[in-house]
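Let us look at a protein model together and learn how to read its features, one question at a time.

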Amino acid sequence: MFFFFIGLRPMNRSATHIHLVTEFILLGFPGCWEIQIFLFSLFLVAYVLTLLGNGTIICAVRWDPRLHTPMYFLLGNFAFLEIWYASSTVPNMLANILSKTKTISFSACFLQFYFFFSLGTTECLFLAVMAYDRYLAICHPLHYPTIMTGKLCRILVSLCWLTGFLGYPIPIFFISQLPFCGSNIIDHFLCDMDPLMSLSCAPAPITEFVFYTQSSLVLFFTIMYILRSYTLLLRAVFQVPSAAGRRKAFATCGSHLVVVSLFYGTVMVMYVSPTYGIPTLMQKILTVAYSIMTPLFNPLIYSLRNKDMKLALKNILFRMRISRGAWVVTNMVGLQETGEQAPSGDGTFLHQTLPLCAWQLPVYWREIDIDRTRRPLLQTRTATSSKASSDNGPGDFHFLI
């Protein structure tokens, strides 16, 4: 698919003596140089936080066996999707802000166009699948383990990715074959449908109708299913006898619906309702809302506020410290066996390096203090510990990444 869009070229109409467009100019956001630097810093921080937040979720779900459940499996794949969704626009936008020419090639423009819409469609489908998962877990808790199995999760995730990426190659290919002549200036920070169609020299009502109909169907069907799932979910929450349980469920559902409303509300304004009366600057702000801010907020709303996720992250950080402590102690044993001088002869180096981990390593400390020549035993116990941890590795849930 990547090479398909790399090979795109504008239609050859040399016989009509029309100057064809080979590259586009993305104007981005207006403003002086100080405003451009401010926007660059703002979007860079948002992008880095998006990568860190979603990457943390992926690592936690991948490495903690207690999170190998359908809900966290979906959250991990959703975080992976959010990283690529933000990466389809933000890096090029940051480069354009600092660029003097602000150009993008013809094939790169349509490649961004394809990935932006494919990943956005995949996100809509993922939100619907996650709503279905929460509906089953709360409204049908007894049947949930038998319905939402690992196999079904993998099938649903695969369908989301395949549907999202196989739905747009043909419409975007036909759009790329339109004659783009005259102006090549796109008053946006990415290659979007309306700006590209406004630069075409020939009208394409059928292609435009198919594209917008497809986008509208995906948006309407997924949002209606999400609203139906949360309506049934909230109805079940009202039957919870505990007031604290109801407040917790309302807080969780409310935060999820805020993210869904932010994403779907801005997307529908852009791609379902007519955008001819919307100012260009407002279109850019709406695009920032669903393409940059939503991937930034989703880790905070869906995962990092979750107690199980917080506990998993703490355990991962603690295990990293333990591993670092074991590495330091093992190297100290090697230095003392070979007769080399340790960084601190009185052992204070170890205590300074392992302030929180020493109490977790009684075997290592005892073997160092009693008999420094028993390194084979140390290696045997370390290997046994590694084998035990590998036996408790991930279960049936794995990432499709």
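**Reading the cysteines, the sheet and the core**

Q: Before we begin with the details, is Cys124 buried or exposed?

A: This is a predicted model, and in it Cys124 is buried, with a relative accessible area of 3%. The word buried applies here because the cut-off for it is under 20% relative accessible area.

Q: Where does Cys32 fall, then, by its relative accessibility?

A: Cys32 counts as partly exposed, since its relative accessibility is 42%, a value that lies in between the cut-offs of 20% and 50%.

Q: How many disulfides does the model have?

A: A disulfide is a covalent bond between the sulfur atoms of two cysteines. In this model the count comes to one disulfide, and the residues it joins are Cys109 and Cys191, with 2.0 Å from S to S.

Q: Which parts of the chain does the pair of Cys109 and Cys191 tie together?

A: Cys109 belongs to helix H5, while Cys191 sits in the loop between S3 and helix H9 (193-199), so the disulfide ties together parts that are 82 residues apart in sequence. The torsion about the S-S bond is about -125°, and therefore this disulfide is left-handed. Both ends can be read in the way we read Cys124: Cys109 is buried at 0% relative accessibility, and Cys191 is buried at 1%.

Q: In what order do the strands of the open sheet lie?

A: The open sheet is formed by three strands in the order S2-S1-S3, and their pairing is mixed. At the edges are strand S2 (103-105) and strand S3 (185-186), each of which pairs on one side only. Strand S1 (residues 23-26) pairs with S3 in the parallel sense, over two bridges, and within the sheet Leu26 stands opposite Ile186 in S3.

Q: Which residues have the most contacts inside the largest nonpolar core?

A: They are Phe24, Phe43, Phe110, Phe113 and Tyr264, in a core that has 99 residues. Helix H5 (residues 106-139) gives the largest share of this core, namely 18 residues.

Q: Which residues form a nonpolar patch on the surface?

A: The patch is formed by Leu44, Val45, Val48, Leu49 and Leu52, which together have about 410 Å² of accessible area. To take one of them as an example, Val48 has its place in helix H2 (residues 33-63), and this residue is partly exposed, with a relative accessible area of 37%.

How values were computed:
Residues are numbered from 1 along each chain as its sequence is written. This is a predicted model: local features need pLDDT of at least 70, side-chain atom pairs count only at pLDDT 80 or more; totals for chains, interfaces and linings use all residues. Side-chain values use heavy atoms; hydrogens and water are left out. A nonpolar core is a set of buried Ala, Val, Leu, Ile, Met, Phe, Trp, Tyr and Cys residues joined through side-chain atoms within 4.5 Å. Buried means under 20% relative accessible area, exposed over 50%, partly exposed in between (1.4 Å probe, protein chains only). Helices (H or I, at least four residues) and strands (E, at least two) are DSSP runs, numbered from the N terminus. Patches are made of residues with over 30% relative accessible area and no salt bridge: like charges are joined within 9 Å, nonpolar side chains (Val, Leu, Ile, Met, Phe, Trp, Tyr) within 5 Å. Accessible areas come from the Shrake-Rupley method with a 1.4 Å probe; for residues, only the protein chains shown count as cover. A salt bridge is a side-chain nitrogen of Lys or Arg within 4 Å of a carboxyl oxygen of Asp or Glu. Two strands pair if DSSP finds at least two bridges between them. A disulfide is a pair of cysteine sulfur atoms within 2.5 Å.
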